[in-house]
Amino acid sequence: MSKNKSSESVKVVVRCRPLNRKEESSGPVGGIVQMDLRLGQVILRNPRASPSEPQKTFTFDAVYDGNSKQRDLYDESVRPLIDSVLAGFNGTIFAYGQTGTGKTYTMQGAWLDPEKRGVIPNAFDHIFTHISRSQSDKQYLVRASYLEIYREEIRDLLDPNHSSTRGLDLRESPETGVYVQDLTSCVCKSIKEIEEVMNVGNQARVVGATDMNEHSSRSHALFLITVECSQPGPDGRKHIRVGRLNLVDLAGSERQAKTGVHGERLKEAAKINLSLSALGNVISALADGRSGHVPYRDSKLTRLLQDSLGGNAKTVMVATLGPAPAHYDETLTTLRYANRAKNIQNQPKVNEDPKDALLREFQKEIARLKAQLNHRRWRSKQKKEQVDCEDWGRDSDEEMEDEEEAVETETDDYVKLEEQRLEREKEAITEDQFLLVEEKQKLLGDLRKEQEATEQLTAKYKAMESKLLVGGKNIMDHTNEQQKMLEVKRQEIAEQTRKEREIQQQMLVQDEETVELRETFTSLQQEVEAKTKKLKKLYSKLQCIKAEIKDMNDEHVGSRQELEQTQNELTRELKFKYLIIENFIPPEEKNKIMNRLTFDPEEDQWNFQPLVPAQSKFSQMKKRPTSAVGYKRPISQYARVAIAMGAHSRFRAENIMFLELDMCPPNPSSLDCLAEAATNQTPSQENSPTRNRDIHKSSSW
Ligand code: ADP
Ligand code: MG
């Protein structure tokens, strides 16, 4: 893929969790993963190989070992991404790895322990702290959605009925790219509210699963945050920037054993792996850069992450590892996967003034409500002036302007004023002795209605306005200055470490290249020694690469065998279905069904076409058959002529349909009679539809 100016690669960081108690007690071998934090390298030891075999080394943007803190990972690798989202970029963080290696720990962590809070709660803090500290001319709107993909079905975790309804659909728009149709999105005004949203979704995940561990290791969870920010630009107009953040906790990447699985279970196993293997294919295709086609459409997950992988987004991938020797193969696969993802190039850009910004709609609605309130206020004031007969001389334009300002600043005062006015009028009406009782009632009713309408309008206005967060306001308790400073310093340190690591990595590469340039040999002997050393180094590199190729081959053979096995099982299943169809479904019925079926590539399934085409349904139903004009029922030309000639009772029965009766076969004597009758029949009866009816033989599948 060509590197253009705005393209940047996917950041890949690796995290290894500490050995757990069970792993520690099961063997004295210790972990197989070593990490060089300074260089960002992972060194993997093969527990089955001989000690002389070289170890595998991978280099990443950052690595975190078992002693690493949640905060370190956040400050160094995630914070810059969230800052970009707040500036209007799309951002994605996804955790990839085997079940039990710490994906959920990294993404969510232990919420109650400040030291163990994961990426998601830290991102909440970060976003709302940023808003509270930004300038007061900025307005923000924060929305959150939560979904999971389970067996290739998208479930809305914020919809209480999600388990009973069918999965949501994916749609694509040129503006926002791929999105989930009808996904619930909650406007959040504070950290507490967004945490509440997260909790509701997590609970829905637990309720929907019989076995939480089993479920979570098979479903992908996506928490989506949209931050819209409006700020006046140099042209004086308000510009909106929209940043979308996807926080993804993927299903466990280990291979699900498919052997001996049949029917429904087989389909389930195929679907569980579908999204992950599609993700692998997408990453390979993108990293390779040569293949033009990227198979995003192969699964729901890859379609949702389309922008994050090779599109308009900044992406961080956290690959999680376990240090136990038992999982060497899985750990190696994860590292290879992560290594490939490093090569993916994205083209992030700021989303400026998109058409579908909700903030713009909110602002318009607030302006409209404000204008309505303004109008009501103006009316009420006029009425008051009529009663008081004072202040006639004021210019009405001026008055309007004043009032507009007043509404902006004193909505509360206005409501009180309005209530007082209506109360006064009410009293006046009640006290007025000259009015009839009915009239009084009517006027009072009108007044009450007006009062209610005003209250409603004000409530709506306030509700709308409260959803927008204004920079600089106290959304959360302001941390004191010292803490702010501490955070800034921490960020600086994280930035410094990152830069240092980058430089170290660059140095390492350059060292190898320049070492031979610097070498000057004083004697032939020295030269031979140096060259032998170099040869040895290159030879060990060659061995490493050979081993790598062998591993890859083994892996490919393994996955091919698995695919072949799946194919065999699916073919067996298909044969079984064919057998049932060919032997137990009448061919005409089968044909009828087949003619009605159409394939929907978007949904990846077969659908039935409606029996009556949708657009002609009404016209057909409304129109009376032409043959029935003037008659109670459709009637043939022959009968019409016969009636015109003088109705003969014989023709009354003529329109009765011929119905074939399903009876037992006639005996030979009655067949003879029938044959005789047939020879005496008139030519018109010969052509009767019942005789010519032939059965359409269905073509084979
Ligand atoms: P996954 O989501 O990948 O299946 P979990 O996040 O549920 O795995 O982690 C499995 C267990 O390992 C949990 O009990 C978690 O507390 C623990 N764990 C994971 N990563 C770490 C870590 N970096 N430090 C300490 N404990 C961890
Ligand atoms: Mg998990």
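1. Let me start at the ligand site: Gly 100 sits in the loop between strand 7 (91–97) and helix 3. Helices here are DSSP runs of H or I with at least four residues, strands are runs of E with at least two, and both are numbered from the N terminus. Note that this is a predicted model, where local features need pLDDT of at least 70, side-chain atom pairs count only at pLDDT 80 or more, and totals for chains, interfaces and linings use all residues. Residues are numbered from 1 along each chain as its sequence is written, chains are lettered from A and ligands numbered from 1 in the order in which they are written, and side-chain values use heavy atoms, with hydrogens and water left out.

2. Who surrounds ligand 1? The shell holds Arg 15, Arg 17, Pro 18, Gln 98, Thr 99, Gly 100, Thr 101, Gly 102, Lys 103, Thr 104 and Tyr 105, where being near takes a heavy atom within 4 Å. Helix 3 (residues 103–107) gives the most to this shell, with three residues. By type, the shell splits into two nonpolar, six polar and three charged residues; Ala, Val, Leu, Ile, Met, Phe, Trp, Tyr, Cys and Pro count as nonpolar, Asp, Glu, Lys and Arg as charged, and the others, Gly among them, as polar.

3. Now the short distances to oxygen atoms of ligand 1. A polar backbone atom of Lys 103 is 2.8 Å from one, a polar side-chain atom of Thr 104 lies 2.7 Å from one, and a backbone N or O atom of Tyr 105 also lies 2.7 Å from one. Taken alone, ligand 1 exposes 560 Å², and the protein buries 65% of that. These areas come from the Shrake-Rupley method with a 1.4 Å probe; for residues, only the protein chains shown count as cover.

4. On annotation: an unreviewed UniProt entry lists Gly 97, Gln 98, Thr 99, Gly 100, Thr 101, Gly 102, Lys 103 and Thr 104 under "binding site". UniProt positions follow the numbering used here, feature names are shortened, and annotations may be inferred rather than shown by experiment.

5. Thr 104 belongs to helix 3. Is Thr 104 buried or partly exposed? Partly exposed, because its relative accessible area is 43%, and the class runs between buried (under 20%) and exposed (over 50%), with a 1.4 Å probe and protein chains only. Leaving out residues up to four places away in sequence, Thr 104 touches Gly 109 and Asp 249, a contact being heavy atoms within 4.5 Å.

6. Away from the ligand, have a look at Tyr 140 in strand 8 (residues 139–150). Tyr 140 counts as buried because its relative accessible area is 1%. Beyond four places in sequence, its contacts include His 130, Val 227, Leu 359 and Leu 468. Tyr 140 and Gln 231 are 91 residues apart in sequence and 9.0 Å apart in space, C-alpha to C-alpha.

7. Lys 56 is worth a check too. This residue is in strand 5 (residues 56–59) and is buried, with a relative accessible area of 10%. Its side chain makes a polar contact with the side chain of Asp 551 (3.2 Å). Such a contact is a pair of N or O atoms within 3.5 Å; within protein, one must be able to donate a hydrogen and the other to accept it, and residues adjacent in sequence count only if both atoms are side-chain atoms.

8. Finally, the whole chain: there are 21 helices and 19 strands, and buried residues make up 37% of the 701 residues.
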